[in-house]
There are 2 protein chains.
Amino acid sequence: MQVSQLFMPEIAEAIEKGDFESLRAVFEDLHPSDVAELLTHLTPESISRIIRILRAPNGIAVFEQLNIETQTQVLSHLGRHDTVMILEEMSPDDRVDLLQKLSPETVEALLPLMAQAERDDVRKLLQYGENTAGAIMTTEYASLPGSLPVSEALPKLRAIAPDSETIYYVYITDAERKLLGIASLREILVARPTQTIREVMAENVVRVTVDQDQEDVARAFQKYDLLAIPVVDKEGRLVGIVTHDDVLDVMVKEQTEDVQKMGAVEPITEPYFKASFWSLARKRGGWLMFLFLGELFTGTALRHYEETFAHTIALVLFVPLIVSSGGNSGSQSVTLITRALALGEVRMRDAFRVVRRELAMGVVLGIFLGVIGYLRAMMWHSPPSLALTVSVALVAVVVSGTLIGALLPMLFKKMGLDPAIMSSPFVASLVDVVGIVVYFKVAQILIM
Amino acid sequence: MQVSQLFMPEIAEAIEKGDFESLRAVFEDLHPSDVAELLTHLTPESISRIIRILRAPNGIAVFEQLNIETQTQVLSHLGRHDTVMILEEMSPDDRVDLLQKLSPETVEALLPLMAQAERDDVRKLLQYGENTAGAIMTTEYASLPGSLPVSEALPKLRAIAPDSETIYYVYITDAERKLLGIASLREILVARPTQTIREVMAENVVRVTVDQDQEDVARAFQKYDLLAIPVVDKEGRLVGIVTHDDVLDVMVKEQTEDVQKMGAVEPITEPYFKASFWSLARKRGGWLMFLFLGELFTGTALRHYEETFAHTIALVLFVPLIVSSGGNSGSQSVTLITRALALGEVRMRDAFRVVRRELAMGVVLGIFLGVIGYLRAMMWHSPPSLALTVSVALVAVVVSGTLIGALLPMLFKKMGLDPAIMSSPFVASLVDVVGIVVYFKVAQILIM
């Protein structure tokens, strides 16, 4: 995997000298993904020159591996003719991803220059909503008639291979393109030559519809160990396939989004340094403000107990400790439950069991922290009533944290919202307010 | 994908009656993954009976789809003979995963009962460390001699198909099993029949070594759009392959771990309800205690400023607000930087750029929150000096948060530790202490 780095000195030299002929020689021995990685160190203009120099199949393969932002920049340095050539040759799913990033005017200017077949394909794929199966599928699947004898299948597949994203799964449809079955190339290979494709195919085909979420597609791949999945329209007609490599990309993208939501950042699709500073500031600022407004209630709660802590000023020393313990235990619960919901390990009907378990967990963890807190307070020579207040409050706050952390994602899911949005900081803010109230209530009872 | 649910009433009835014959009829029409999903609702004993009733290839396929905890429970209800039969028939990678969960004594008792070939295979695979390429690979790859004419390749592949995890990638090795090249079935299919496999194969093969981390394997799949990757030993000899379906499992597992680390939970491999309460309590309690001990320093810091807030008691009202704002901004930075490091978007040499960017971001976000905080303090009729203290402290605390959140993951990576361990709560605890010090320092300057 470090292959590409070995070439770095040569490449740097060739770029320095503008020796694009040597570059081509080097690049043609490399995997397109490695070339794309090397190109990211160059300006869009240099990249566009290299793409043009590389011969057709290779140049396109490299271009497809660039990230979409770089692709659009590179296109802006290419003439109409080269742009249209690249668009026509790209695989349909990558092409649509790119076109969606261009301005509608640019797309409208480019479309008439493209061949009829590709133009129709683009118009069809552009209509599907973002993050749906339709948006990530390709229309270049392999299909064979069910009546074909196995002996004739291989020559047929050889002929359609250049226009198929994969020939390892072959789809069988009726005259109206309704999906009837699927046969893997492996099954075709080991079948008797006299059998027909229909006799070899499996009829019970795992499929998705065009408007299903891309996460459903990823889950199906995972469950059924697929290489590709057929995508059908509402009438059950085969309109495309999603292949395994696109699913990996979807999983990484979704994972990044989930992690960012957990960290209270609105999902950012661009790489860290490519994202514009101000769009990032807006996304981060929005969440921060939201959490800040929630956290303002801690002030409201504290005002309510101003007399209490004015009377026993040492109470203040434990405020951050107590609220953060509730926040941390809540954060653990929200993480576990959100993930378990996403993986289908916990369902809505398990709500009662979840609550019972998190309640018990909160009691155990709360007592554990309560004991440490008690010892610490005594070490600070706090009066026993204060030490007791701290430890009782810790139990109550940790229990509140685990319960709120477990219930909120389930509640949000029930309301049809994404539980991942219940990010740990959000739960922490809520638990902070609850923690303050609990702490001073306990203090009023035990001290005053 | 809801196919399986349609059968639920029939299945429930058959189980009720103990009518395993009808169950078999139903199950044989379903995908093994769907059957495995349905079985999870039954006791291990019922599952073991059904596995035994299903005919060999189907029963094994279903068994392989169960999670490992269920597999071990099911085995304990099967006799030696059935256990050995299942182990012999399982695919080598799934088999080793299972054996690793059994006690060493059980494994030693079972191994002598297995056929020589499988026994050797198990011993070989068991030696690779957890989470390495060696631990997730299978030894059943397809291989052809380089001198073979393409015309003879298909009959050969047909013969080895039953013992190969995939025949879509064919590996070519020399007499010492050193990896020479790879040919896809697609390439073989479209090649001229007179060519030899050596002429068709690609020599520049992306590969991993047995002891490389499974995350490297996943990254290679993603970058090169692979169906399988060859695994070689230190001498470059081919020892196995990792296939695309195993990579999806790796990605989900690693994602769960990352998310749990972010949420301050030690990674939990079992599903939520399967994990034992006390092991979960220990894992959660360990982290909570660690964070709690860190958070104790907020008390130490507050004690240091006891006179300050005893003098201006209203200062206390803003403590949770200010510390949590630092924690939240730090949490955002740590999330973005950790993820960017994991995806390779940010490297160690970018440290200076990262710091500059997060510093600027902290100033912008801090001023934004500072203004809101100022207005809020004025609305509570705080004296202007207090309102000013709050807003100046907010700027300083948010900047500290973004800087600490950006630097710590990079520092940890530099020290060879996993940056994901720098979970948001951990950063938040650290920033809390810093926030208190900053806040009261500002207060001492502006108020006292």
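This section describes salt bridges, cavities, a sheet and aromatic pairs in a predicted model.

Over all chains, the whole structure contains 20 salt bridges. In one of them, the side chains of Arg123(A) and Glu108(A) approach to 3.8 Å, N to O. Arg123(A) belongs to helix 11 (residues 116-126) of chain A and Glu108(A) to helix 10 (residues 104-110) of chain A, so this contact ties together parts that are 15 residues apart in sequence. Arg123(A) is partly exposed, at 46% relative accessibility, and Glu108(A) is partly exposed as well, with a relative accessible area of 45%.

A salt bridge of 3.4 Å, N to O, joins the side chains of Arg219(A) and Asp216(A). Both residues lie in helix 16 (residues 214-224) of chain A; because they are three residues apart, about one helical turn separates them. Arg219(A) has a relative accessible area of 40% and is partly exposed. Asp216(A), with a relative accessible area of 22%, is also classed as partly exposed, since the cut-off for buried is under 20%.

The side chains of Arg353(A) and Asp350(A) form a further salt bridge, at 3.9 Å, N to O. Here Arg353(A) is partly exposed, at 40% relative accessibility, whereas Asp350(A) is buried, at 12%. Salt bridges also occur as a network, which links Asp34(A) and Glu37(A) with Lys223(B).

Turning to internal space, three cavities of 30 Å³ or more are present in the structure. The largest cavity has a volume of about 350 Å³. Its lining consists of 24 residues, and those nearest the centre are Asn328(A), Ala428(A), Asn328(B), Ala428(B) and Asp432(B). Two or more lining residues come from each of helix 20 (319-342) and helix 23 (424-446) of chain A, and likewise from helix 20 (319-342) and helix 23 (424-446) of chain B. Classified by residue type, the lining of the largest cavity comprises 12 polar, eight nonpolar and four charged residues.

Chain B contains an open sheet of three strands in the order 1-2-3, with mixed pairing. Strand 1 (142-143) and strand 3 (179-184) of chain B are at the edges; each has a single partner strand, so one side of each lacks a neighbour in the sheet. Five bridges connect strand 2 (residues 169-173) of chain B to strand 3 of chain B, and this pairing is antiparallel. Tyr169(B) has Ser184(B), in strand 3 of chain B, as its bridge partner.

Aromatic pairs number 15 over all chains. The ring centres of Phe277(A) and Trp278(A) are 5.2 Å apart with the planes at 90°, so this pair is edge-to-face. Phe277(A) is buried, with a relative accessible area of 18%, while Trp278(A) is exposed, with a relative accessible area of 55%. In chain B, Tyr439(B) and Phe440(B) form a tilted pair, with 5.0 Å from centre to centre and 50° between the planes. Both Tyr439(B) and Phe440(B) are buried. In chain A, ring pairs link Tyr439(A) and Phe440(A) with Tyr305(A) and Phe309(A) in a cluster.

Terms used: Residues numbered from 1 in each chain as written. Chains lettered and ligands numbered in written order. Predicted model: local features only at pLDDT ≥ 70, side-chain atom pairs only at ≥ 80, totals over all residues. Heavy atoms only, no water. Salt bridge = Lys/Arg side-chain N within 4 Å of Asp/Glu carboxyl O. Helix = DSSP H or I, 4+ residues; strand = E, 2+ residues; numbered from the N terminus. Buried < 20%, exposed > 50% of the residue type's maximum accessible area, 1.4 Å probe, protein only. 1 Å grid on protein atoms, 1.4 Å probe; cavity = no way out; pocket = protein on both sides within 12 Å on 5 of 7 lines; lining within 4 Å. Points joined across faces, edges and corners; volume = space filled by probe spheres on them. Nonpolar A, V, L, I, M, F, W, Y, C, P; charged D, E, K, R; others polar. Pairing = 2+ DSSP bridges. Phe/Tyr/Trp six-rings, centres within 6.5 Å; stacked < 30°, edge-to-face > 60°.
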